[in-house]
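This report introduces a protein structure to a reader who has not met it before. The sequence and the three-dimensional view come first, and the description follows.

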Amino acid sequence: MAKDSQQGSGVAVKVIRAPAWRPLRIVTFKKTERRGMMEGVYFYLTLSGLLTIFLWFPYIIARLFAWGLPGLLHSYPENPPELPAWAQRSQRAHLNMVETLPALLAVIIPALALAPSTLSNTLACWMQVFFYARVTHAVVFTLAIPYLRTPTYLVSWIAIVMIAVHTLRIM
């Protein structure tokens, strides 16, 4: 059974009751606001990586239905049937995310290394903007919704630029 209590400023003590054959142990950790905000940055960075991985699923499923399992498992069949337009756009959305992710990593890694606690909230906010802009971009691109693909793409790039600007300001 666990019991939480606050002691001092910003230090939490968690008492964990162990079975009778083991002694009582006390785990101490420091709670800070920066930790919570940085977890937000890492959370959306991880989600962006997972988005990159999963964006190829619709394309692969379309290939499975168009080419069949033997055609999909073969390296590349001769005269493959044409894939639907949405599947081709889905593949391009995935490739676009693959091209964008290195730029994000190039600005977020130094930001994470240099960010003081006052900046961590800003980083978490811009990472969230980036992630949701990329999800929206993938949906808009795949469904060919007119006039929204470029603005959603630009929002994600603005988020990357803002992370870089905030990082450069603290250097």
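Tyr147 is located in the loop between H4 and H5. The model is a predicted one, and the loop residue Tyr147 has a positive phi of about 70° although it is not a glycine. Its relative accessibility is 78%, so Tyr147 counts as exposed, the cut-off being over 50%. Ala144 also has its place in the loop between H4 and H5. The phi of Ala144 is near 55°, again a positive value in a residue other than glycine. Most residues other than glycine have a negative phi. Ala144 counts as partly exposed, with 42% relative accessibility.

**The chain as a whole**

The protein chain contains 5 helices and 3 strands. Read from the N terminus, its elements follow the order β-β-β-α-α-α-α-α. Of the 171 residues in the chain, 33% are buried. The accessible surface of the chain is about 10800 Å², and carbon and sulfur atoms account for 66% of that surface. Among contacts between residues at least 6 apart in sequence, 62% join residues at least 24 apart.

**The nonpolar cores**

The largest nonpolar core has 22 residues, and those touching the most other members are Val41, Leu104, Ile108, Leu123, Met127 and Ile163. Helices H1, H3, H4 (117-143) and H5 (149-170) each supply at least two residues of this core. H3 gives the largest share, 7 residues. In soluble globular proteins, nonpolar side chains tend to be buried together.

Ile163 illustrates the contacts of one core member: leaving aside residues up to four places away in sequence, Ile163 touches Leu104, Val107, Ile108, Ala111, Leu123, Trp126 and Met127. Apart from the largest core lies another core, of 5 residues, which includes Tyr59, Ala62, Trp67 and Ala87.

**Two residues of helix H1**

Ser48 is part of helix H1 (residues 33-54). Ser48 is buried because its relative accessible area of 0% falls under 20%. Not counting residues up to four places away in sequence, Ser48 touches Met97, Leu101, Met127, Phe130 and Phe131.

Leu45 is likewise found in helix H1. With 18% relative accessibility, Leu45 counts as buried. Under the same exclusion of residues up to four places away in sequence, Leu45 is in contact with Leu104, Leu105, Ile108 and Met127. Leu45 and Leu105 are 60 residues apart along the chain, and their C-alpha atoms are separated by 8.7 Å.

The table lists the accessibility of the four residues described individually above.

| Residue | Relative accessibility | Class |
|---|---|---|
| Ser48 | 0% | buried |
| Leu45 | 18% | buried |
| Ala144 | 42% | partly exposed |
| Tyr147 | 78% | exposed |

**The packing of H2 against H3**

At what angle do helix H2 and helix H3 pack? The angle between H2 (residues 57-73) and H3 (residues 85-114) is about 145°, and their axes are 8 Å apart. The contact is formed by Pro58, Tyr59 and Ala62 of H2 together with Trp86, Ala87, Ser90 and Gln91 of H3. By class, this contact has 5 nonpolar, 2 polar and no charged residues. H2 passes H3 in a left-handed crossing. Tyr59, Ala62 and Ala87, which take part in this contact, are also among the members of the core of 5 residues.

Key. Residues are numbered from 1 along each chain as its sequence is written. This is a predicted model: local features need pLDDT of at least 70, side-chain atom pairs count only at pLDDT 80 or more; totals for chains, interfaces and linings use all residues. Side-chain values use heavy atoms; hydrogens and water are left out. Axes are lines fitted to C-alpha atoms, for helices over the stretch in contact, and angles run from 0 to 180 degrees between N-to-C directions. Helices (H or I, at least four residues) and strands (E, at least two) are DSSP runs, numbered from the N terminus. A crossing is left-handed if the near helix is turned anticlockwise from the far one by less than a right angle, and right-handed if clockwise. Contact means heavy atoms within 4.5 Å. Ala, Val, Leu, Ile, Met, Phe, Trp, Tyr, Cys and Pro count as nonpolar, Asp, Glu, Lys and Arg as charged, and the others, Gly among them, as polar. Buried means under 20% relative accessible area, exposed over 50%, partly exposed in between (1.4 Å probe, protein chains only). A nonpolar core is a set of buried Ala, Val, Leu, Ile, Met, Phe, Trp, Tyr and Cys residues joined through side-chain atoms within 4.5 Å. Accessible areas come from the Shrake-Rupley method with a 1.4 Å probe; for residues, only the protein chains shown count as cover.
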